[in-house]
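Grab a pencil and have a go at a few short exercises on a protein model. Try each one yourself before you read the solution.

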Amino acid sequence: MLVVETVGRIRREHLVQRKSIKQIARNLGISRNTVRKILRSGETSFAYERDVQPQPKLGRWKADLDRMLVENAAKSLRERLTLIRLFEDLHGLGYAGGYDAVRRYARSWQREHASQTAPAFVPLSFAPGEACQFDWSHEIVLLNGVTVTVKVAHMRLCHSRMMFVRAYPRETQEMVFDAHERAFAFFKGALSAAARIRA
């Protein structure tokens with residue numbers, strides 16, 4: 001990969017110092033074709049990236065490697081084989097290629113299959129009176145011309161999303177009990193025993 005500094009040096013030596021392509025190539029240890037390519041283009045950096053990775057030796061072994069990777073992914077993390085072990089197993093089946101081809105293929109397979117997640121969701125549906133949410137917030141208010149911070153108790157029913165809010169001077173256990181009692185009176189009822197345990 002040619003960095004910006006090398007590209008700039010090649011252009012300076014050719015355009016300012018009037019060095020030949022052959023001299024620049026010899027001084028920098030770069031091929032003359034590369035020097036020509038830099039001088040003819042307006043790009044500032046060059047990197048070789050192979051579009052398609054040829055896998056001539058892996059070709060007919062891809063099905064076996066896919067099967068091994070699927071089996072390995074189904075195992076628990078503790079029981080999974082490393083890539084070198086998968087390579088050794090594939091080699092035992094008759095594969096004559098190198099480890100790098102197996103590693104590159106396995107990495108691309110893992111990237112491809114990592115993005116495929118199983119559809120999972122937790123339905124959030126509640127029966128009336130089954131559950132509620134309770135939390136505190138801190139609000140700054142103006143009381144009698146004085147700015148104070150008050151604690152605000154919030155209770156929301158999970159089924160109807162109906163809300164109850166009440167401000168208190170502090171967050172003490174007595175205030176938690178008072179907030180719950182007043183919220184239940186406001187909602188005209190109480191939650192089920194299971195919801196009281198969760199809240």
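Below are three exercises on this predicted model, each with a worked solution.

**Exercise 1.** Work out how many disulfides the structure holds, and where C132 stands in that count.

*Solution.* Start with the cut-off: a disulfide needs two cysteine sulfur atoms within 2.5 Å. Next, look around C132: the nearest cysteine sulfur belongs to C158 and is 6.5 Å away. Now flip the view: for C158 the closest cysteine sulfur is that of C132, and 6.5 Å is too far for a bond. So C132 is in no disulfide, and the count for the structure is 0. As for their surroundings, C132 is buried, because its relative accessibility is 11%, and C158 counts as buried at 10%.

**Exercise 2.** Find the buried residues of helix α5 (residues 83-92) and decide how they are arranged around the helix.

*Solution.* First, pick them out: L83, L86, F87 and L90 are buried. Then sight down the axis of α5: these buried residues fall within an arc of 100°, so they line one face of the helix. That fits the general pattern: an α-helix has 3.6 residues a turn, so residues three or four places apart point the same way. Next, ask what they pack against: α4 (62-74) and α6 (99-114). Finally, step just past α5, where G94 has a positive phi of about 120°.

**Exercise 3.** Is H180 buried or exposed, and which residues does H180 touch?

*Solution.* Begin by placing H180: look in helix α7 (residues 173-187). Then check accessibility: the cut-off for buried is under 20%, and H180 comes in at 16%, so H180 is buried. Last, leave out residues up to four places away in sequence, and the contacts are F134 and M155.

Methods: Residues are numbered from 1 along each chain as its sequence is written. This is a predicted model: local features need pLDDT of at least 70, side-chain atom pairs count only at pLDDT 80 or more; totals for chains, interfaces and linings use all residues. Side-chain values use heavy atoms; hydrogens and water are left out. Buried means under 20% relative accessible area, exposed over 50%, partly exposed in between (1.4 Å probe, protein chains only). Helices (H or I, at least four residues) and strands (E, at least two) are DSSP runs, numbered from the N terminus. The arc is that of the directions from the helix axis to the C-beta atoms. Contact means heavy atoms within 4.5 Å.
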